[in-house]
Amino acid sequence: MRSDFTKDKNIKVKDVCKYFGKTQVLDHVNMECRQGEITGIIGRNGAGKTVLFKIICGLLSLDSGEILINGIKRERQADVLPSVGIIIEEPAFLKYYSGIKNLEYLYMINHKNNRQYLESIMEKVGLDPKSKKHVGKYSMGMRQRLAIAQSIMEEPEFLVLDEPFNGLDSHGVNEMRELFLELKKRGKVILIASHNSEDINILCDNVYSMESGVLKVLR
């Protein structure tokens, strides 16, 4: 599939280590995420997945190793990855505003304003853009759908999604799986972490496991 793209995008993690004090939380991690593929990491809470995702996105610095974006080494490791949609930990929304209002405020940060487009994004993740219901009254599953909408609304090249199916019922999980497979076909670089092996097995082209900061190739 990747041969159809004019320019391959990728993320390479090379020999990355991270310590918090004297505790090593990432132990010489190596991984590659390629365009038009979904890369998955499975592991229990506390295994190091979220720390790795934050380092990839530039939200945390690393102690050794390197991150390459499209073959170029990131010189300042704490710089935020460009053109990325992120779900890491529970997203922060304005709880007294509707879902569409939250997306509008976030979209306007980059001086963009297109309500009709944002309504279509909400519909894509299964939310009603006409609803005036405040996000503070959303169920966990609805907040997760809104977080996915936020992560894809800027058409990013990269998606880094930590437990993107949290709070979703089986119908919602199936809908979001279909969405991610559609984004894969459109050439996105997608990295997903989940504690659910079924999500990983269904979606992912490349699968890793993580335990105590050590990443191992499963397939």
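Which strands does helix 4 (residues 140–152) lie across?

**View 1. Helix 4 against strands 6 and 7 in a predicted model.** Helix 4 lies across strand 6 and strand 7 (158–162), and runs at about 160° to strand 6. Helices (H or I, at least four residues) and strands (E, at least two) are DSSP runs, numbered from the N terminus. Angles run from 0 to 180 degrees between N-to-C directions of axes, which are lines fitted to C-alpha atoms, for helices over the stretch in contact; contact means heavy atoms within 4.5 Å.

**View 2. The open sheet of six strands.** The strand order is 6-7-8-3-9-10, with mixed pairing; two strands pair if DSSP finds at least two bridges between them. Strand 6 (84–87) and strand 10 (214–217) are the edge strands, each with a single partner strand, so one side of each has no neighbour in the sheet. On average, neighbouring strands of this sheet are turned by 15° against each other, direction ignored.

**View 3. Strands 9 and 10.** Strand 9 (residues 206–211) pairs with strand 10 in the antiparallel sense over four bridges. Ser209 has Lys216 of strand 10 as its bridge partner.

**View 4. The open sheet of four strands.** Here the order is 2-1-4-5 and the pairing is antiparallel. Strand 2 (23–34) and strand 5 (72–73) stand at the edges with a single partner strand each, so one side of each is left without a neighbour in the sheet. Two bridges join strand 4 (residues 64–69) to strand 5 in the antiparallel sense, and Ile72 in strand 5 is the bridge partner of Ile69.

**Notes.** Residues are numbered from 1 along each chain as its sequence is written. In this predicted model, local features need pLDDT of at least 70, side-chain atom pairs count only at pLDDT 80 or more, and totals for chains, interfaces and linings use all residues, while side-chain values use heavy atoms, with hydrogens and water left out.
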